[in-house]
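Trainee: Could we look at this structure together? I would like to learn how each descriptive word is earned.
Mentor: Happily. Ask away once it is in front of us.

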Amino acid sequence: MNYIGTIAFAILLIAGIGFFVKNIKKIYRNIQLGKTINRKDHPAQRWKNMGMIALGQSKMVKRPIAGILHIIVYVGFIIINIEVLEIIIDGLFGTHRAFTFLGSFYHFLIASFEILAFLVLISVIVFWIRRMIVRIPRFWNKEMKGFPKNDALYILYFEMVLMSLFLIMNATDVPFQQNNAGNPISQFLVPFFENNFNAGTLFYIERTAWWLHIAGILVFLNYLYYSKHLHILLAFPNTYFASLNPKGQFNNLEAVTNEVKMMMDPNVDPFAAAPEGAEEEMPEKFGASDVMDLNRIQLLNAYTCTECGRCTSSCPANQTGKELSPRAIMMKTRDRLEEVGKNIDKNGTYKDDGKQLLNDYITPEEIWACTSCNACVEECPVNIDPLSIIIDMRRYLVMEQSAASQELNIMMTNIENNGAPWQYNQMDRLNWKDE
Amino acid sequence: MNVPTMAEMMAQGKQPEVLFWVGCAGSFDDRAKKITKAFVKLLNKANVEFAVLGTEESCTGDPAKRAGNEFLFQMQAMTNIEVLNAYEVKKIVTACPHCFNTLKNEYPELGGIYEVVHHTELLKSLLDEGRITIEGGKFKGKRITFHDPCYLGRANDVYEAPRDLIKKLDVELVEMKRCKTNGLCCGAGGAQMFKEPEKGTKDINVERTEDAIEVQPNIIATGCPFCNTMMIDGIKATDKEQEIEVLDIAELIANAEDL
């Protein structure tokens, strides 16, 4: 009997973790589809950012209610996972509460797990109320229909069930309750169970809760890959690799620099034959029209986004009814990346499917509504940068497709011809002095 | 008003303390020219040895870069850098946060390395060094709110210099509900200044002006010629022209003492 339990547990554990690792590898492969970018400079600053922003949740509390509730759930999640270690040992070796030998420290641990589990349960219920009853607008933007909306709810239900199972498991563990230590919350559930069930049934309830708890954790672990909830893992690399430059600084396009230098060099012979082998080289594409044109950090950003919508709720374009939503930019980037990933799974390598991130997912109307104000970048609790994707797509539209609006073309022509965005003569630049 | 050019300075064998980068708005826009002049008056009063490029100045390329035209941006940048480096410019001040951001952050990689400050930062240091004094004058006791330009605030973390200057005017500085890192854009950034907005329900500058109106100021202070235009348009759109004035910080200080 015991062997069957142990074997079943081992199979469950191996399958759960194995499947998860397989999907993580897929995410890693998909991110590698992006262009390389060096974000390994200033490691001390990067570790600090990761410590402060991901581990320390410093940007979360900018919105205090959501921030504090989130910290409770986050701390609960990490601390209660110590209990999972005990569950794994018990499951594999057929023991019961293997850490009991720790004595009073064990009871202290379990007591803190129980309190945290209770607080997490309350927080998650408040989250649900904020979403479904209070209907905070950022959870109801148009990109939050269908799966994104349900995804958020599934996660909340998962957490409610897992926390409840943990408390039920403790409440129905008769020897544990008889000890009457480490049960600050579950003791209040005991009368309900003792009044309604006999000892034999209680045993089975405890076992069922125990199994469902660990099975639930493994299912949840595997749900991450399909969900916005990946942020619990990816927030760490994402904050580590985030840009350290001032937010106003847009990256320099090296390929353009080379061409401009050549154009400005009086010694370059415009009729010179291309050097040997140069024809084979594909000229570099300017800007981005698909996920492969973005860099790896931008793709990591897409997987990290948990769709909280703080970016969108602070976006001036979105607030004034424009199509642009920075969150939707990230969600669409991930959707397209997933599509490309599935294409590769099926065909071995990417086979052109006639689709692109630009137009098929993100429209030029969204791209052109951005004021580049950096509110979205500032708001993101895990340092995602939707603005950089927007600018890369503008670059593609302008430099590869000449698809800027008439007004912008006039502005650019003016800069080209007379060094100002308006049609004034450069020779009149100092006239203000005498006016 | 004394406005020497770099060429004149060089002919005299002099190197100015700082180059004043006027910018396109500051050179050509009628409203922004007043800001330029106010700032020059303050520089003159503080006896700062400065110079402008005059007709040798050209657009930094900011709107081109934000619009996605990296080619045009880099052509502008490299041409400007050649001029600036030929004059051996070390320090630049500008009253436009867009020029400020571009010169400070995006020129170094193309070979233009300078110390770049916003005019509010320079004025603050002149104040700290005792080279200028700021008195309330005619603004004493007024309610003033400061609109953070995105390219000064969030983009470059300059929040305090403009506020420190305003406080010196003996006025009541009131903050909008969205300010500093949470400040709402005026709607002009990212080359939006030069195009009609996309279809929506409201103009961004009106949304922002309403933030300002909420705190009932006598004056909306700005530190950017584009924000200035947008806020003035917003004030017009909301029929508050009689009650609220929009002024750059340089204008506030210069006008306070009737320079």
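**Reasoning from values to words**

Mentor: Chain A holds 19 helices and zero strands. Keep in mind that this is a predicted model.

Trainee: Why is chain A called more spread out than a compact globule?

Mentor: The globule rule gives 22 Å for 435 residues, while the radius of gyration of chain A is 28 Å, well over that value, so chain A counts as more spread out. Along the principal axes, the C-alpha trace of chain A spans about 95 × 55 × 40 Å.

Trainee: And how do you know whether chain B agrees with a compact globule?

Mentor: We use the rule again. For 259 residues a compact globule would have a radius of gyration near 18 Å, and chain B has 18 Å, so the value agrees. The C-alpha atoms of chain B fill a box of roughly 50 × 45 × 30 Å along the principal axes. As for its elements, chain B has 11 helices and eight strands.

Trainee: Back to chain A. Which domains does the assignment give there?

Mentor: Domain 1 of chain A covers 2-32 + 63-241, and domain 2 covers 254-265 + 284-425. The centres of these two domains, taken over C-alpha atoms, are separated by 38 Å.

Trainee: What makes residues of these two domains count as being in contact?

Mentor: Their C-beta atoms, placed from the backbone, must lie within 7 Å. By that test, 22 residues of domain 1 of chain A are in contact with 23 residues of domain 2 of chain A. On the domain 1 side, helix 1 (2-31) and helix 9 (231-241) of chain A are the elements that give two or more residues. Helix 9 of chain A provides the largest share, seven residues. Sorted by class, that side of domain 1 of chain A has 10 nonpolar, seven polar and five charged residues.

Trainee: Helix 1 of chain A also packs with helix 3 of chain A. Why is that pair called oblique?

Mentor: Here is a general idea to start from: two packed helices are described by the angle between their axes and the distance between the axes. For helix 1 and helix 3 (residues 64-93) of chain A, the angle is about 135° and the axes are 7 Å apart. Roughly perpendicular ends at 115 degrees and roughly antiparallel needs over 145. The angle of about 135° fits neither, so helix 1 and helix 3 of chain A are oblique to each other.

Trainee: Which residues meet there?

Mentor: Thr6(A), Phe9(A), Ala10(A) and Leu13(A) in helix 1 of chain A meet Ile88(A), Gly91(A) and Leu92(A) in helix 3 of chain A. By class, this contact has five nonpolar, two polar and no charged residues.

Trainee: What makes helix 14 and helix 18 of chain A roughly perpendicular?

Mentor: Helix 14 (residues 326-347) of chain A packs with helix 18 of chain A at an angle of about 75°, with 9 Å between their axes. The range for that word is 65 to 115 degrees, so the pair is roughly perpendicular. In this contact Pro326(A), Ile329(A), Met330(A) and Thr333(A) of helix 14 meet Pro386(A), Ile389(A) and Ile390(A) of helix 18.

Trainee: How many residues does each chain give to the contact of chain A with chain B?

Mentor: Chain A gives 56 residues and chain B gives 56 residues. Among the elements giving two or more residues on the chain A side are helix 18 (386-400) and helix 19 (406-418) of chain A. That side divides into 29 nonpolar, 15 polar and 12 charged residues.

Trainee: One last pair. Why are helix 3 and helix 11 of chain B called oblique?

Mentor: Helix 3 and helix 11 (residues 249-256) of chain B pack at about 55°, with their axes 8 Å apart. Roughly parallel needs an angle under 35 degrees and roughly perpendicular starts at 65, so the two helices are oblique. Helix 3 of chain B passes helix 11 of chain B in a left-handed crossing. Among the residues that meet are Ile35(B) and Phe39(B) in helix 3 and Ile253(B) in helix 11 of chain B. By class, this contact has seven nonpolar, no polar and three charged residues.

Methods. Residues numbered from 1 in each chain as written. Chains lettered and ligands numbered in written order. Predicted model: local features only at pLDDT ≥ 70, side-chain atom pairs only at ≥ 80, totals over all residues. Axes fitted to C-alpha atoms, helices over the stretch in contact; angles between N-to-C directions. Helix = DSSP H or I, 4+ residues; strand = E, 2+ residues; numbered from the N terminus. Left-handed = near helix turned anticlockwise from the far one by under 90°. Nonpolar A, V, L, I, M, F, W, Y, C, P; charged D, E, K, R; others polar. Rg over C-alpha atoms; globule rule 2.2 N^0.38 Å. Domains from an automatic or database assignment.
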